[in-house]
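Got your viewer open and a selection tool ready? Let's take a walk through this one together, stop by stop.

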Amino acid sequence: MAPLRVAIAGLGTVGAAVADIILSRNTLINARCGREILISAVSARDRHRDRGVDLTGIDWFEDAAEMAMQADAEVVLELIGGEEGIAKTVCENAISSGRHVVTANKALLAMHGTALAKAAENASVGLLYEASVAGGIPVIKSLREGFAGNKISSVHGILNGTCNYILTTMRETGREFDDVLTEAQDLGYAEADPSVDVDGIDAAHKLALLASVAFGAEVNFHAVHVEGIQFISADDIAFASELGYRIKLLGIANQTELGVEQRVHPAMVPIDSPLAHVEGVFNAVVVEADAIGTSVLQGKGAGAKPTASAVVSDLIDIARNTVLPTFSVPLSELSQPKTVSLDNRQGPYYLRLMVLDRPGVIADVSAALKEEGVSVEVLLQRGRSEEGSVPVVLKLHETVEANVRRAVEQIAQLDSVVERPCMIRIEEL
Ligand SMILES: NC(=O)c1ccc[n+]([C@@H]2O[C@H](COP(=O)([O-])OP(=O)(O)OC[C@H]3O[C@@H](n4cnc5c(N)ncnc54)[C@H](OP(=O)(O)O)[C@@H]3O)[C@@H](O)[C@H]2O)c1
């Protein structure tokens with residue numbers, strides 16, 4: 001059988017590792033897909049940079065967009081990144097010229113996934129993106145193939161290794177967020193501009209794709225409620241441990257009777273939950289479905305080799321002629337579900353207030369909670385201070401989010417409450 005010819009746009013962390021796997025595992029890949037995978041063309045910005053792989057004899061294109069249309073290739077790998085610009089053009093050009101696209105680009109797909117999937121379906125080519133969610137964990141494949149006989153009710157998990165590393169290190173060392181973030185940047189676990197990770201945007205990109213493939217719905221990034229981890233303090237992490245929880249940045253997508261709920265925010269999970277033990281840069285995805293019950297997938301969510309492994313698995317699928325609908329179902333079957341507001345969430349909550357140590361403060365806080373019908377399960381107060389503020393922590397019984405939010409607004413107005421209350425949802429997952 002003729003080799004599968006592949007053009008690679010982008011030879012950075014992921015692109016170079018993909019080239020390395022293809023070039024060094026030739027025999028293994030041949031045996032697995034019955035056909036050779038051959039790199040016929042590449043493009044990056046700097047032709048002279050050493051990529052650590054031998055690219056002799058492979059066509060070099062100065063312009064990746066041109067390569068996507070002109071290369072002698074059936075597949076174009078988009079491994080440049082970015083939600084607009086050259087990455088989008090490369091995908092559009094490859095599809096319009098009848099080539100399959102494999103990408104690791106969650107930002108692009110979260111924004112333009114439905115449009116690109118439409119273009120790919122019209123051109124009868126595949127749009128494959130295993131590497132874009134949870135790196136080396138085959139979660140798209142599991143949802144689209146392994147669990148295809150199930151009605152999936154929830155997909156949730158730890159989708160950003162940078163945030164998980166920061167939260168894990170804060171717990172292990174008792175240090176504050178800013179300090180640990182700086183260290184993560186020095187170690188290369190966080191970008192110079194960390195906002196896409198720590199603000200929750202990267203996890204939200206991935207969650208939007210997971211929700212789409214799990215529920216057969218159009219990708220709707222704008223429906224994701226997003227909160228980051230910047231406001232989590234060392235105190236919150238210590239109080240969480242005292243209450244029997246760990247704090248994790250979770251992405252949660254639920255199919256409910258009212259529609260689809262999608263949210264990314266820090267949450268407390270019980271110490272005995274599987275997610276509590278996913279530490280450092282690791283990712284985990286939990287799938288709940290009617291036939292399988294609960295399934296947990298865990299592994300390396302980023303890095304050159306795990307991500308390249310996922311890209312190559314997509315290539316092997318194409319080489320085997322297994323090209324499936326982008327989001328599990330053909331586009332004519334994709335739904336546009338209603339967005340369920342977070343105001344409807346029901347569950348327990350953690351509240352940390354920084355208060356002046358004066359008589360009557362707890363009574364004022366209790367009055368605000370009572371007015372909204374919210375009751376307290378646990379109250380913790382630590383330390384005394386005649387001048388500064390002290391933390392008061394409340395674990396609230398299961399209640400409706402809208403009520404908690406109104407109570408928090410009232411509490412924030414109290415003279416004795418010196419900073420904005422910190423509210424963290426408790427997820428009994
Ligand atoms: N790194 C990870 O662990 C990881 C994990 C999952 C998904 N991803 C996704 O994988 C994609 C690539 O990430 P990465 O970490 O490999 O990025 P990277 O190391 O920054 O590599 C980007 C590559 O794109 C090339 N490039 C930039 N602008 C270009 C242009 N106009 N034309 C042609 N090539 C261009 C760069 O060329 P030069 O090398 O010449 O500068 C570089 O080779 C992104 O979508 C990212 O979100 C990455």
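Helix 5 passes helix 10 in a left-handed crossing, so start by selecting residues 106-122 for helix 5 and residues 201-215 for helix 10. Left-handed means that the near helix is turned anticlockwise from the far one by less than a right angle, while clockwise would make it right-handed. Helices here are DSSP runs of H or I with at least four residues (strands are runs of E with at least two), numbered from the N terminus.

Before you click on, two notes about what you're looking at. Residue numbers start from 1 along each chain as its sequence is written. This is a predicted model, where local features need pLDDT of at least 70 and side-chain atom pairs count only at pLDDT 80 or more, while totals for chains, interfaces and linings use all residues.

Back to our pair. Two packed helices are described by the angle between their axes and the distance between the axes. For helix 5 and helix 10, the angle is about 55° and the axes are 8 Å apart. The axes are lines fitted to C-alpha atoms, for helices over the stretch in contact, and angles run from 0 to 180 degrees between N-to-C directions. Helix 5 and helix 10 are therefore oblique to each other. The cut-offs: under 35 degrees is roughly parallel, over 145 roughly antiparallel, 65 to 115 roughly perpendicular, and the rest oblique.

Now show the contact: Lys106, Ala107, Leu109, Ala110 and Gly113 from helix 5, with His205, Lys206, Ala208, Leu209 and Ser212 from helix 10. Contact means that the C-beta atoms, placed from the backbone, lie within 7 Å. That contact splits into five nonpolar, three polar and two charged residues. (Nonpolar covers Ala, Val, Leu, Ile, Met, Phe, Trp, Tyr, Cys and Pro; charged covers Asp, Glu, Lys and Arg; the others, Gly among them, are polar.)

Keep helix 10 and add helix 6, residues 139-146. Which way does this pair run? Helix 6 and helix 10 pack at about 15°, axes 9 Å apart, and are therefore roughly parallel. Their crossing is right-handed. Pick out Val139, Ile140, Leu143 and Arg144 in helix 6, which meet Leu210, Val213 and Ala214 in helix 10. Six of these contact residues are nonpolar, none is polar and one is charged.

Next, jump to helix 13 (residues 361-371) and helix 14 (residues 401-413), which pack at about 150° with axes 8 Å apart. Helix 13 and helix 14 are therefore roughly antiparallel, and their crossing is right-handed. Val365, Ala368 and Leu369 of helix 13 meet Ala407, Gln410 and Ile411 of helix 14.

Time for the ligand. What surrounds it? There are 25 residues around the ligand, each with its C-beta atom, placed from the backbone, within 6 Å. The closest are Gly10, Gly12, Arg45, Gly81 and Ala104. Helix 1 (residues 13-24) gives the largest share of the shell, three residues.

Finally, zoom out and colour the domains: 4-132 is domain 1, 139-300 is domain 2 and 345-426 is domain 3. These bounds come from an automatic or database domain assignment. The C-alpha centres of domain 1 and domain 2 are 28 Å apart.

Notes: Two residues are in contact if their C-beta atoms, placed from the backbone, lie within 7 Å.
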